[in-house]
Amino acid sequence: IPNSVTSIGTSAFEGCGKLTSIVLPDSVTSIGDRAFSGCSELTGISIPNGVTRIGDSTFSGCSGLTGITISGSVTSIGGFAFWDCTKLTVIVIPNSVTSIGEYAFLGCAGLTDITFEGTMEQWNAIEKAAGWNNNTGTYIIHCTDGDIEKA
């Protein structure tokens, strides 16, 4: 994707089951809902610094996704954002995140590590919607001042 692109539209790559990798340039500031939904062969992605929101169902059904790094500008993770990302084991969440939507990680059975780039107090202050972590693996949240085990 060239540096001139600033937005990945709603459903832009939805259902692209053969997409294995993608590099989003720093020029991208928005990613629409369902943008990569159903990209079952996508294995990893880094969210550029200009993006402030991961929309609803953005990566739902990305069953090959094993890891994701979210930039320090993101403030919200939408509902069902990573639904059914069964191979997702590791995610890095910046301390800029203030809300996680409903069922954001539903079905992420392989999730073992969430690295939160903030304190335990900041993690606990995040608004987490109902079921945000339903049917997930037995993960540990690694904060800058200690670890929190899945409740």
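Two strands count as paired if DSSP finds at least two bridges between them. Strands themselves are DSSP runs of E with at least two residues, and helices are runs of H or I with at least four, both numbered from the N terminus. What you're looking at is a predicted model, where local features need pLDDT of at least 70, side-chain atom pairs count only at pLDDT 80 or more, and totals for chains, interfaces and linings use all residues. Residues are numbered from 1 along each chain as its sequence is written, and side-chain values use heavy atoms, with hydrogens and water left out.

## The sheet

Let's start with the strands. Six of them make an open sheet in the order β3-β5-β7-β9-β11-β12, with mixed pairing. At the edges sit β3 (44–46) and β12, each of which pairs on one side only. On average, neighbouring strands here are turned by 15° against each other, direction ignored. Those angles run from 0 to 180 degrees between N-to-C directions, using axes that are lines fitted to C-alpha atoms (for helices, over the stretch in contact).

Now zoom in on β11. It runs parallel to β9, joined by three bridges, and Ile114 stands opposite Ile141 in β11. Toward β12 (residues 146–149) the pairing is antiparallel, with four bridges. Those two strands form a hairpin with two residues between them. Within the hairpin, Ile140 stands opposite Glu149, and Cys143 stands opposite Gly146.

In a regular strand the side chains alternate between the two faces of the sheet. In β11, Ile141 and Cys143 are on the covered face, while Ile140 and His142 are on the uncovered one.

## Asp113 and its neighbours

Asp113 sits in strand β9. Its C-alpha atom is 7.3 Å from that of His142, although the two are 29 residues apart along the chain. Contact means heavy atoms within 4.5 Å. Not counting residues up to four places away in sequence, Asp113 touches Thr89, Val90, Ile91, Tyr139, Ile140 and His142.

## Buried or not?

Buried means under 20% relative accessible area, exposed means over 50%, and partly exposed is in between (1.4 Å probe, protein chains only). Here are four residues to compare.

| Residue | Relative accessible area | Class |
|---|---|---|
| Asp113 | 26% | partly exposed |
| Ser57 | 17% | buried |
| Cys16 | 31% | partly exposed |
| Cys62 | 0% | buried |

Ser57 lies in the loop between β4 (53–54) and β5 (67–69). Beyond its neighbours within four places in sequence, Ser57 is in contact with Arg34, Ser37, Gly79, Phe80 and Ala81.

## The nonpolar core

In soluble globular proteins, nonpolar side chains tend to be buried together. A nonpolar core is a set of buried Ala, Val, Leu, Ile, Met, Phe, Trp, Tyr and Cys residues joined through side-chain atoms within 4.5 Å. The largest one here has 42 residues, and those with the most contacts inside it are Phe36, Phe59, Ile77, Phe82, Ile93, Phe105 and Trp123. The strands β7 (90–94), β9 (113–117) and β11 (140–143) each supply at least two residues of this core. Leaving aside neighbours within four places in sequence, the contacts of Phe36 include Ile8, Phe13, Leu42, Phe59 and Cys62.

## What about disulfides?

How many disulfides does the structure hold? Zero, with a disulfide being a pair of cysteine sulfur atoms within 2.5 Å. Cys16 is in none, and its nearest cysteine sulfur, that of Cys39, is 5.2 Å away. Why is Cys62 not bonded to Cys39? Because their sulfurs are 5.1 Å apart, too far for a bond, even though Cys39 has the closest cysteine sulfur to Cys62.
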